[in-house]
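Colleague: I have not looked at this one before. Can you put it on screen and take me through it?

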Number of protein chains: 2
Amino acid sequence: MDTTAGHLTPEAVEAWTAMRTLAMAQRGRMVAVAAEAGLSPPQLFALQALTPGEPAPMSNLAGVLRCDASNVTGLIDRLAARGLVERRPAPHDRRIRHLVLTDAGIALRDRVRERLEEPPDGFAALSPAEARRLRDLLRKVAAAGSPRRA
Amino acid sequence: MDTTAGHLTPEAVEAWTAMRTLAMAQRGRMVAVAAEAGLSPPQLFALQALTPGEPAPMSNLAGVLRCDASNVTGLIDRLAARGLVERRPAPHDRRIRHLVLTDAGIALRDRVRERLEEPPDGFAALSPAEARRLRDLLRKVAAAGSPRRA
DNA sequence: TATTGTTATACTCTATAACTATA
DNA sequence: TATAGTTATAGAGTATAACAATA
């Protein structure tokens with residue numbers, strides 16, 4: 001398994017470094033988008049992690065956010081106080097509370113997502129062909145990484 | 001200005017989305033590296049933002065971290081208490097305090113940096129030629145974005 | 001007994017506003 | 001007057017440990 005290519009070539013390290021640099025430069029924009037929406041960064045992550053049609057247990061959200069479950073309680077308390085999320089009993093296990101986005105939550109989530117999806121200015125320097133190659137290479141990396149803990 | 005290429009093509013949006021997905025999947029690793037070093041994520045950022053030979057004013061660090069200056073005081077207090085950073089008076093302006101990494105600070109900074117530079121598993125799926133193309137495309141985006149607010 | 005979620009506690013991060021000491 | 005940094009304050013994020021309800 002995994003004889004497809006070399007591991008950790010200098011080129012791969014340099015590519016990863018370039019990607020980290022680019023991501024770091026965008027940190028401020030993410031914080032700004034959150035602030036525009038009246039959200040803290042963790043609240044923004046939580047809202048993005050919830051899917052409209054799919055109620056999910058709180059423990060699930062803790063897993064996605066990579067934080068302790070005790071943390072999610074307060075996080076959801078604040079989102080629920082603003083009417084963005086609701087807690088609902090789960091059908092077959094009364095210990096579990098399902099999280100459901102309200103209509104207001106869905107609207108805010110979509111509005112935030114649109115802003116986050118806008119590429120940084122630098123992407124305008126790419127031709128369509130270059131953008132396509134970049135997209136395909138990134139998808140290849142993501143696909144190869146996800147099965148085994150990326 | 002900026003007639004080099006198309007703006008916000010669908011390919012560019014898709015490339016940016018792929019990159020955000022990849023970056024998000026690595027968030028947990030960064031937190032883990034910080035924890036290994038006994039640092040909080042902001043403390044890790046601060047340590048990485050300081051350059052060994054170059055003393056920098058605290059306001060400078062606030063700019064890089066994109067947080068309020070009042071925040072930097074406590075952040076540096078904690079790093080200084082652990083002997084990683086020192087405050088020194090600036091030569092020509094006695095209002096300014098220069099931040100200097102100690103030897104211990106430099107050692108920890110380098111150790112953390114090494115871990116952060118390790119590419120995620122998915123990069124092993126790229127051939128050297130592919131990694132090089134990915135690196136060059138990312139650098140092109142970064143270079144085009146940095147002069148005007150990226 | 002094990003698991004889901006909450007509470008209690010303690011610490012860190014964060015911004016705003018008021019303050020100091022310089023300039 | 002303006003700027004660099006601190007302090008005071010308040011709120012939010014974070015993990016650990018102890019707990020209730022349920023399985």
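Modeller: What follows is a short chat about a predicted model, with the DNA contacts coming before the symmetry.

Colleague: Okay, how many residues surround DNA strand C, and which are the closest?

Modeller: There are 21 residues around DNA strand C. The closest are Ser59(A) and Arg87(A) from one chain, with Ser40(B), Asp68(B) and Arg78(B) from the other.

Colleague: Which helices supply at least two residues of that surface?

Modeller: In chain A, helix H4 (58–65) and helix H5 (69–81) each do so, and in chain B, helix H3 (41–49) and helix H5 (69–81). H5(B) gives the largest share, four residues.

Colleague: And how do the residues near DNA strand C divide into nonpolar, polar and charged?

Modeller: Eight are charged, seven polar and six nonpolar.

Colleague: What part of the DNA do they touch, sugar or phosphate, or bases?

Modeller: Of the strand C atoms within 4 Å of the protein, 71% are sugar or phosphate atoms, and the rest belong to bases.

Colleague: Which atoms of Arg87(A) and Arg97(A) lie by a phosphate oxygen?

Modeller: For Arg87(A), a polar side-chain atom lies 2.8 Å from a phosphate oxygen of DNA strand C. For Arg97(A), a backbone N or O atom lies 3.1 Å from one. In chain B, a polar backbone atom of Arg94(B) is 3.0 Å from a phosphate oxygen of that strand.

Colleague: Changing topic, what turn lays chain B on chain A?

Modeller: A turn of 180 degrees, with a shift of 0.0 Å along the axis, gives an RMSD of 0.1 Å. That relation is a two-fold axis.

Colleague: Which residue of chain B comes closest to the rotation axis?

Modeller: Leu134(B), with its C-alpha at 3.2 Å. Both copies use the same surface, as 98% of the contact residues of chain B recur in chain A.

Technical notes:
Residues numbered from 1 in each chain as written. Chains lettered and ligands numbered in written order. Predicted model: local features only at pLDDT ≥ 70, side-chain atom pairs only at ≥ 80, totals over all residues. Heavy atoms only, no water. Near = heavy atom within 4 Å. Polar contact = N/O pair within 3.5 Å; in protein donor to acceptor, adjacent residues only side chain to side chain. Nonpolar A, V, L, I, M, F, W, Y, C, P; charged D, E, K, R; others polar. Least-squares fit on C-alpha atoms with pLDDT ≥ 70 in both. Contact = heavy atoms within 4.5 Å.
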